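I opened this model to look up its strands, its helix packing and a few single residues. My entries are below, in the order I took them.

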Amino acid sequence: TYPLAHNPVTSFYVSGPVRFPGGLRLYRRYEELTQWEAYVTKYFPDRKIPMATKARNRLHQEVDPVLLQDPEFRARQAQFHTKIALAIELVEAAIRSKVPFGVVVFDAWYLAEDLVQVLARRRKDWISLLKKNRGLETASFQLRDANGWTMKLPGPHIAVAELVPLIPANAYRPVNVGEHTYWCFTLAVRIPTLGKVRIVVSFEHETLTGRHVVLVTNRVDWSAAKIIGLYLQRWPTETFYQDSKGQLGFNEYRMRSAEAIGKHWCLVFVAYSLLHLTCLPTVPGRTQGLIQTIGDACRQQGRALLQKLLLFVHEQLSHGATAEHVFGQLFAKQRGMVLV
């Protein structure tokens, strides 16, 4: 009746055409990991657990101090890690493994003070999407209207969604990244908990209509073209998930224990990495583009496996083996037998 889903937090390495999954952590929701509802029922049998988020959060504040007095519940809570904490673990693991990276890109979900502080301490640059409701300190920048006059902005903070409509059309500039042209406005600002940063407002069309994105980075000296170009290197992460699910069975398993799930995921990571080696260009000095896709590589390996199977059967039959004996060798594992 209820779908069983698992949420991996992963790191991914990109350098030109070289792309490899780096590490993974299994995220488990607080209430699922701690079995929170069961403990609420145990200590507050008359309380109805609401489904609405705000009401549920209020109940958390009321009952959690009591639940934490239970040693078993306290031990379960100690195992909980937020997605931000898991992301920090992946960064630290990559550094310990001496992965040669200097820039970390991530979506707006991971743009948190804790992660940014770790990256600053580790002297790593970062680029992220910026949520539209994020507040900017108005005292940290000046915005000019179409005539060049400085605008007076209300309040000490202004949300990104409120700032974008105020930017005059003549402030946007065409920015070429590869074969694409984006229309961008860039500004150095201060954001609470993040400090001094540079934001880039980017539209796909010169008319400044339709979808737009806002990027943010700690590097206030970078151009809009460099910021966009580096953030676009996050796209291979999306294609990795597509390939690993569509070709390698990343989500096709029936295990429930975290250890078994982790083993399956690691095998998929290894398979993807080995297949990716066959996709890299073989011409010395070529640093862009892949010679084939992961799907092509999978089909190539499938054909090679089938060829070896046919040759094996032909060889066995040529040396006088019966069909029953050949089938016995092929299906020995299913039957629990070992043939010599």
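These notes go through the sheet, then the hairpin, the helix pairs and one loop residue.

**Entry 1: status of the model**

I am working with a predicted model. I kept that in mind throughout.

**Entry 2: the six-stranded sheet**

I looked up the strand order first. The sheet is open, has six strands and runs β3-β4-β10-β9-β8-β7. Its pairing is mixed.

Which strands stand at the edges? I found β3 (103–106) and β7 (173–177) there. Each has a single partner strand, so one side of each lacks a neighbour in the sheet. From one strand to the next, the twist averages 30 degrees.

I then checked the pairing at both edges. β3 and β4 run parallel and are joined by four bridges. Within that pair, I see V104 opposite W126 of β4. At the other edge, β7 pairs with β8 (residues 180–191) in the antiparallel sense, over five bridges. There, N176 has T181 of β8 as its bridge partner.

Next I asked what packs on the sheet. Helix α8 (residues 224–231) does. I noted that α8 touches β3, β4 (125–129), β7, β8, β9 (195–203) and β10 (212–217). The direction of α8 makes about 40 degrees with that of β7.

Is β4 mostly covered or mostly open? It is mostly covered, with four of its five residues buried.

**Entry 3: S202**

I picked S202, which lies in strand β9. Buried or exposed? The relative accessibility of S202 is 7%, under the 20% cut-off, so I count S202 as buried.

I listed its contacts, leaving aside neighbours within four places in sequence. S202 touches Y182, W183, C184, H212, V213 and I228. I also took one C-alpha separation: S202 and V214 are 6.3 Å apart, with their positions 12 residues apart along the chain.

**Entry 4: the β1–β2 hairpin**

I moved to the start of the numbering. β1 (residues 7–15) and β2 (residues 18–27) pair in the antiparallel sense, over nine bridges. P8 stands opposite L26 in β2.

The hairpin has two residues between its strands. I looked up the backbone there: G16 takes a positive phi near 65 degrees.

**Entry 5: α5 against α6**

Two packed helices are described by the angle between their axes and the distance between the axes. I took both for each pair that follows.

The axes of α5 (residues 83–96) and α6 (residues 113–121) come within 9 Å and cross at roughly 15 degrees. That is under 35 degrees, so I call α5 and α6 roughly parallel. The crossing is right-handed.

Which residues make the contact? From α5 I have I84, I88, V91 and E92. From α6 I have D114, L115, V118, L119 and R121. By class, this contact has six nonpolar, no polar and three charged residues.

**Entry 6: α10 against α11**

Helix α10 (residues 258–277) and α11 pack at an angle of about 90 degrees. Their axes are 9 Å apart. The angle falls in the range 65 to 115 degrees, so α10 and α11 are roughly perpendicular.

I noted that Y272, L275 and H276 of α10 meet I294, A297, C298 and Q301 of α11. By class, I have five nonpolar, two polar and no charged residues in this contact.

**Entry 7: α11 against α12**

I stayed with α11 (residues 294–318) and turned to its other entry, α12 (residues 323–330). Their axes come within 10 Å and cross at roughly 140 degrees. That makes α11 oblique to α12. α11 passes α12 in a right-handed crossing.

The α11 side of the contact holds L309, F312, V313, Q316 and L317. The α12 side holds A323, H325, V326, Q329 and L330. By class, I have seven nonpolar, three polar and no charged residues here.

**Entry 8: G155**

Where does G155 sit? I found G155 in the loop between β5 (135–137) and β6 (157–159). Its relative accessibility is 46%, so G155 counts as partly exposed.

I closed with one spacing. G155 and L136 are 19 residues apart in sequence. C-alpha to C-alpha, G155 and L136 are 10 Å apart in space.

Definitions and conventions: Residues are numbered from 1 along each chain as its sequence is written. This is a predicted model: local features need pLDDT of at least 70, side-chain atom pairs count only at pLDDT 80 or more; totals for chains, interfaces and linings use all residues. Side-chain values use heavy atoms; hydrogens and water are left out. Axes are lines fitted to C-alpha atoms, for helices over the stretch in contact, and angles run from 0 to 180 degrees between N-to-C directions. Angles under 35 degrees count as roughly parallel, over 145 as roughly antiparallel, 65 to 115 as roughly perpendicular and the rest as oblique. A crossing is left-handed if the near helix is turned anticlockwise from the far one by less than a right angle, and right-handed if clockwise. Contact means heavy atoms within 4.5 Å. Ala, Val, Leu, Ile, Met, Phe, Trp, Tyr, Cys and Pro count as nonpolar, Asp, Glu, Lys and Arg as charged, and the others, Gly among them, as polar. Two strands pair if DSSP finds at least two bridges between them. Buried means under 20% relative accessible area, exposed over 50%, partly exposed in between (1.4 Å probe, protein chains only).
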